[in-house]
Amino acid sequence: EVQLVESGGGLVQPGGSLRLSCVASGFTFSQYTMTWVRQPPGKGLEWISNIGVAHSTYVEDSVKGRFTISRDNAKNTLYLQLNVLQTDDTGRYYCAAKKGPYWVKDSRREAYDYWGQGTQVTVSS
């Protein structure tokens with residue numbers, strides 16, 4: 001019933017770009033803070049960025065200026081624009097939903113109400 005479906009990942013060379021999407025269904029998307037979290041191979045989850053119910057945004061310092069989060073409530077869709085990709089950006093990227101305003105940089109799955117299946121980003125030459 002409730003779904004978060006990520007897409008847009010793939011193989012890209014260093015310096016390249018991708019746009020990730022997360023389509024939500026089964027809940028009132030506009031009432032949820034939306035978050036992107038990634039998991040590099042062999043490592044734990046890392047908080048990347050979120051966007052609030054009033055469209056305020058926060059981006060982790062290591063990707064600030066390269067990654068841009070946005071949302072389109074009319075399409076129930078969350079986006080992450082990835083620019084100037086680096087090898088250490090490789091990982092599986094997940095979207096997650098938390099009801100209401102939520103500004104904790106939390107990578108724990110249990111912190112969120114809903115969690116997607118992820119989309120793989122591989123940056124390699």
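A residue is called buried when its relative accessible area is under 20%, exposed when over 50%, and partly exposed in between. With that scale in mind, select Trp115: its relative accessible area is 21%, and therefore the residue counts as partly exposed. The model on display is a predicted one, and the tour continues from this tryptophan.

**The aromatic rings**

Keep Trp115 selected and add Tyr94. The ring centres of these two residues are 5.7 Å apart and the planes meet at 35°, so the pair is tilted. Tyr94 belongs to strand E9 and Trp115 to strand E10, and the pair links parts of the chain 21 residues apart. Unlike its partner, Tyr94 is buried, at a relative accessible area of 8%. Add Tyr102 and Tyr112 to the selection; together with Tyr94 and Trp115 they form one aromatic cluster. While Tyr102 is in view, display Lys98, which lies over the face of that tyrosine at 5.3 Å from the ring centre.

The structure holds 7 aromatic pairs. Another of them joins Tyr32 and Tyr114, a tilted pair with 5.8 Å from centre to centre and 40° between the planes. Here the link spans 82 residues, from Tyr32 in strand E4 to Tyr114 in strand E10 (residues 114–115). Tyr32 is buried, with a relative accessible area of 8%, whereas Tyr114 is partly exposed at 25%.

Next, select Phe29 and Arg71. Arg71 lies over the face of Phe29, at 4.5 Å from the ring centre.

**The disulfide**

Select Cys22 and Cys95. These residues form a disulfide, with their sulfur atoms 1.9 Å apart, and a search of the whole structure finds 1 such bond. Which parts of the chain does the pair tie together? Cys22 lies in strand E3 (residues 18–25) and Cys95 in strand E9, so the parts joined are 73 residues apart in sequence. The torsion about the S-S bond is about 50°, so the disulfide is right-handed. Both cysteines are buried.

**The nonpolar cores**

Select Trp36, Leu78, Leu80 and Leu82. Within the largest nonpolar core, which has 26 residues, these four touch the most other members. Strands that each supply at least two residues of this core include E4 (32–39), E7 (67–72) and E11 (119–123). The largest share, 4 residues, comes from E3. Then move to a second, separate core of 5 residues, which includes Trp47, Tyr102, Ala111 and Tyr112.

**The loop between E8 and E9**

Select Asp89, which is placed in the loop between E8 and E9. Is Asp89 buried or exposed? Asp89 is buried, with a relative accessible area of 0%. Leaving aside neighbours within four places in sequence, its contacts are Arg38, Val63, Arg66, Phe67, Val84, Val121 and Val123.

One of these contacts, Val84, is the next stop. Val84 lies in the loop between strand E8 (77–82) and strand E9 (91–99). Most residues other than glycine have a negative phi. Val84, however, has a positive phi near 50°. At a relative accessible area of 47%, this valine is partly exposed.

**A final stop at His55**

Finally, select His55 in the loop between strand E5 (46–51) and strand E6 (57–59). His55 is not a glycine, yet its phi is positive, at about 75°. Its relative accessible area is 41%, and His55 is therefore partly exposed.

Technical notes: Residues are numbered from 1 along each chain as its sequence is written. This is a predicted model: local features need pLDDT of at least 70, side-chain atom pairs count only at pLDDT 80 or more; totals for chains, interfaces and linings use all residues. Side-chain values use heavy atoms; hydrogens and water are left out. Buried means under 20% relative accessible area, exposed over 50%, partly exposed in between (1.4 Å probe, protein chains only). A disulfide is a pair of cysteine sulfur atoms within 2.5 Å. Contact means heavy atoms within 4.5 Å. A nonpolar core is a set of buried Ala, Val, Leu, Ile, Met, Phe, Trp, Tyr and Cys residues joined through side-chain atoms within 4.5 Å. Rings of Phe, Tyr and Trp (its six-membered ring) pair if their centres lie within 6.5 Å; planes under 30 degrees apart count as stacked, over 60 as edge-to-face and the rest as tilted. A charge sits over a ring if NZ of Lys or CZ of Arg is within 6 Å of the ring centre and within 35 degrees of the ring normal.
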